[in-house]
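Subject: Handing over a structure

Dear colleague,

I am passing a structure on to you, and below it you will find what turned up when I went through it. Please keep the sequence and the 3D view open while you read.

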Amino acid sequence: MKQIILVALLLLTLGVFSSCKGRPAPVLPEPASVTAAEVTMDEESLTHLKRAWIEEVIAGLSAAAPTRTESVSDAPSASDYTLLELCTDDGACRMFFYEKDGAYYMEQPYQGIWQIDQQLYATICSTP
């Protein structure tokens, strides 16, 4: 009887831990494959071609902290956001940036929402 209870507890524990998935990292292109980064804010666009800027942004996005919120549409529900498109020969990687309740977020449609720091937000959303 003790063995049955022990096996049941073991299976229950394995079931609980296997269902706890870690939040995935943002889907980002390799920095070397990015040919341009286009930022659109308030119907104005700015294209970044400098490799250092692109690498800095991708490194910052790679370190973004996952949230428990899912992205369930083509654009965020926030009314004021900035669009960043990392352009490669294969297409563009789209993501949105916005501020909500004093925190800064990056959202990839249907992939997830991550929290970023204010400095990265300012780097992406500032105009030269």
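In this predicted model, seven strands form an open sheet, and their order across it is S2-S1-S4-S5-S6-S7-S3, with antiparallel pairing. The edges are strand S2 (44-48) and strand S3 (65-66), each of which pairs on one side only. Helix H3 (residues 118-125) packs on the sheet, where it touches S1, S4, S5, S6 and strand S7 (112-116), and its direction makes about 125° with that of S5. If sheets are new to you, it may help to know that the strands of a sheet pair through backbone hydrogen bonds, either parallel or antiparallel.

Within the sheet, it is convenient to begin at strand S1 (residues 36-41), which runs antiparallel to S4 and is joined to S4 by six bridges; Ala36, for example, has Cys87 in S4 as its bridge partner. Strand S4 (residues 82-88) then pairs with strand S5 (residues 91-100) in the antiparallel sense over seven bridges, and here Thr82 stands opposite Phe97 of S5. S4 and S5 form a hairpin, with two residues between them. Strand S5 also pairs with strand S6 (residues 103-108), again in the antiparallel sense, over five bridges, and Phe96 has Glu107 in S6 as its bridge partner. S5 and S6 form a hairpin too, with two residues between them, and Asp101 in that turn has a positive phi of about 55°.

One residue deserves a slower look, namely Glu85, which lies in strand S4. Is Glu85 buried or exposed? Its relative accessible area is 16%, and because the limit for buried is under 20%, Glu85 counts as buried. The side chain of Glu85 makes a polar contact, at 3.2 Å, with the side chain of Arg94. Setting aside neighbours within four places in sequence, the residues in contact with Glu85 are Ala36, Ala37, Glu38, Ala92, Cys93 and Arg94.

Finally, there is the largest pocket, whose volume is about 190 Å³. Which residues line the largest pocket? The lining consists of Thr69, Glu70, Ser77, Ala78, Tyr98, Lys100, Asp101, Tyr105, Glu107 and Ile113, and S5 and S6 each supply at least two residues of it. Two residues of that lining have already appeared above: Asp101, from the turn between S5 and S6, and Glu107, the bridge partner of Phe96.

With best wishes

Methods: Residues are numbered from 1 along each chain as its sequence is written. This is a predicted model: local features need pLDDT of at least 70, side-chain atom pairs count only at pLDDT 80 or more; totals for chains, interfaces and linings use all residues. Side-chain values use heavy atoms; hydrogens and water are left out. Two strands pair if DSSP finds at least two bridges between them. Helices (H or I, at least four residues) and strands (E, at least two) are DSSP runs, numbered from the N terminus. Contact means heavy atoms within 4.5 Å. Axes are lines fitted to C-alpha atoms, for helices over the stretch in contact, and angles run from 0 to 180 degrees between N-to-C directions. Buried means under 20% relative accessible area, exposed over 50%, partly exposed in between (1.4 Å probe, protein chains only). A polar contact is a pair of N or O atoms within 3.5 Å; within protein, one must be able to donate a hydrogen and the other to accept it, and residues adjacent in sequence count only if both atoms are side-chain atoms. On a 1 Å grid over the protein atoms alone, a cavity is a set of points where a 1.4 Å probe fits but cannot get out, and a pocket is an open set with protein on both sides within 12 Å along at least five of seven lines; lining residues have an atom within 4 Å of a point. Grid points are joined across faces, edges and corners, and a volume is the space filled by probe spheres set on the points.
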